Amino acid sequence: MKPTKNQLFKRQITLSEIGEVGQQKLQNAAVLVVGCGGLGSPIAVYLAASGIGKIHLVDFDTIDITNLHRQVFFSLEDVGQSKAAVLSEFIKKRAPFTEVNFTNEPITKENVFELISTVDIVVDGTDSLPTKYLLNDACVIKNKPLVYGSLYKFDGYVATFNVLQKEGSYSTNLRDAFPEMATDIPNCEEAGTLNSIVGLIATQQVNEVLKLITGIGKPLTNELLIYNSLQNTQLKMKLKPTVLKDKIAKIFKTQTYVDAICSTQNEDWQISVSALKEQLSDIKTSKNLEIIAVLNNLKLPFEVNQTIHIHKFDAEKIKIDETKTYIMVCQRGLNSYRATERLKKKYPNLKVLNLTGGISSYK
């Protein structure tokens with residue numbers, strides 16, 4: 001039985017600030033959710049459950065077993081499948097008044113304008129700094145509001161950027177808070193994350209979207225909310241518009257916004273799980289392998305010769321034996337590929353291979 005809108009959204013419509021008028025505004029709205037992981041998956045589900053009329057999901061990634069502790073709308077049976085596709089099907093089963101579509105590829109400089117063109121609000125649910133700046137800059141250029149969220153260990157950050165103000169100007173953007181893209185901030189694979197802070201920040205972002213669409217409350221414009229889950233403390237960093245649209249348009253022309261995670265890996269520098277298993281099972285061959293783990297505390301199904309964290313991985317300091325084949329390993333094959341690139345740059349003729357898919361693919 002398909003419920004009516006009044007039945008499904010009764011508790012929300014009952015709020016005098018929302019009512020049937022506000023609910024219809026939600027139904028008329030279109031939102032782009034970029035990233036379907038820890039932030040993006042609950043954001044998309046809550047937005048659909050609130051009655052957003054159109055949601056477009058963007059994510060190139062597949063579900064990994066390490067995702068499940070915080071990406072709670074995925075199950076064990078979903079491992080290996082497309083995040084965007086699985087999340088889309090989940091939403092369709094519980095949100096009959098939401099039209100949901102997805103793009104199963106990275107958002108890039110080449111497709112970003114097309115993806116944001118038909119929506120009212122863009123929501124950043126990514127963990128990639130280049131992608132965050134890409135979304136910010138594209139939204140500034142095209143005058144689209146951006147609801148920003150990010151995480152670092154026990155801290156979460158939320159802001160609503162580039163909102164049209166009453167006097168006709170636009171509110172601050174990401175570059176007003178952080179003008180330059182940092183290069184040394186670890187992702188959640190390297191730094192770790194607690195699932196509760198992920199959920200907290202995701203629902204904060206949902207709250208911002210609902211306020212923007214219905215016109216109630218005060219959005220987090222011209223400020224950045226920073227929340228610490230261990231101490232239950234928060235502060236608001238006031239922002240002033242200093243990096244304006246003209247400057248961002250110039251930056252956009254020269255910036256590549258390439259994320260190593262999304263970029264294509266060199267196939268000649270890869271070793272599959274099956275090939276590595278075969279080599280490890282051969283005593284003679286295995287003696288010629290030098291296996292290096294580039295993340296600490298990995299649960300490994302085989303012994304490694306060295307562990308060098310990716311942040312301390314300096315090709316100049318590694319003693320090389322040119323008779324050996326070097327195998328780089330990490331959880332998902334991303335940081336290990338970075339290490340592979342560094343070794344190959346220093347020693348072009350050295351045989352260095354990255355374990356495709358990382359330990360997560362090692363069954």
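This short talk goes through a sheet and the helices that pack around helix H10, in a model that is predicted.

Let me begin with the sheet, which is open and is formed by eight strands in the order E3-E2-E1-E4-E5-E6-E7-E8, with mixed pairing. At its edges lie strand E3, residues 99-103, and strand E8, residues 233-238, each of which pairs on one side only. If we ignore direction, neighbouring strands of this sheet are turned by 15° against each other on average. As a reminder, strands of a sheet pair through backbone hydrogen bonds, either parallel or antiparallel.

For one pair in detail, take strand E5, residues 146-152, and strand E6, residues 155-161, which run antiparallel and are joined by seven bridges. Among the residues involved, tyrosine 152 has aspartate 155, in E6, as its bridge partner.

Onto this sheet packs helix H10, residues 195-214, and the strands that H10 touches are E1 (30-34), E4 (121-124), E5, E6 and E7 (223-228). The direction of H10 makes about 170° with that of E5.

Now to the helices that meet H10, and here I would ask at what angle the axes of H3 and H10 cross. Helix H3, residues 19-28, has an axis that comes within 9 Å of that of H10, and the two cross at roughly 110°. Angles of 65 to 115 degrees count as roughly perpendicular, and H3 and H10 are therefore described as roughly perpendicular to each other. The crossing of these two helices, H3 and H10, is right-handed. On the H3 side the contact involves Gly22, Lys25 and Leu26, which meet Leu210, Ile213 and Thr214 in H10. Sorted by class, the contact of H3 with H10 comprises three nonpolar residues, two polar ones and one charged.

The other helix to discuss is H4, residues 40-50, which packs against H10 at an angle of about 40°, the axes being 9 Å apart. H4 and H10 are therefore oblique to each other, and H4 passes H10 in a right-handed crossing. From H4, the contact is made by Pro42, Ile43, Tyr46, Leu47 and Ser50, while H10 contributes Ala202, Thr203, Gln205, Val206, Val209 and Leu210. The residues in this contact of H4 with H10 divide into eight nonpolar and three polar, with no charged residue.

To close with Leu210 of H10, this residue appears in the contact with H3 and also in the contact with H4.

Methods: Residues are numbered from 1 along each chain as its sequence is written. This is a predicted model: local features need pLDDT of at least 70, side-chain atom pairs count only at pLDDT 80 or more; totals for chains, interfaces and linings use all residues. Side-chain values use heavy atoms; hydrogens and water are left out. Two strands pair if DSSP finds at least two bridges between them. Helices (H or I, at least four residues) and strands (E, at least two) are DSSP runs, numbered from the N terminus. Axes are lines fitted to C-alpha atoms, for helices over the stretch in contact, and angles run from 0 to 180 degrees between N-to-C directions. Contact means heavy atoms within 4.5 Å. Angles under 35 degrees count as roughly parallel, over 145 as roughly antiparallel, 65 to 115 as roughly perpendicular and the rest as oblique. A crossing is left-handed if the near helix is turned anticlockwise from the far one by less than a right angle, and right-handed if clockwise. Ala, Val, Leu, Ile, Met, Phe, Trp, Tyr, Cys and Pro count as nonpolar, Asp, Glu, Lys and Arg as charged, and the others, Gly among them, as polar.
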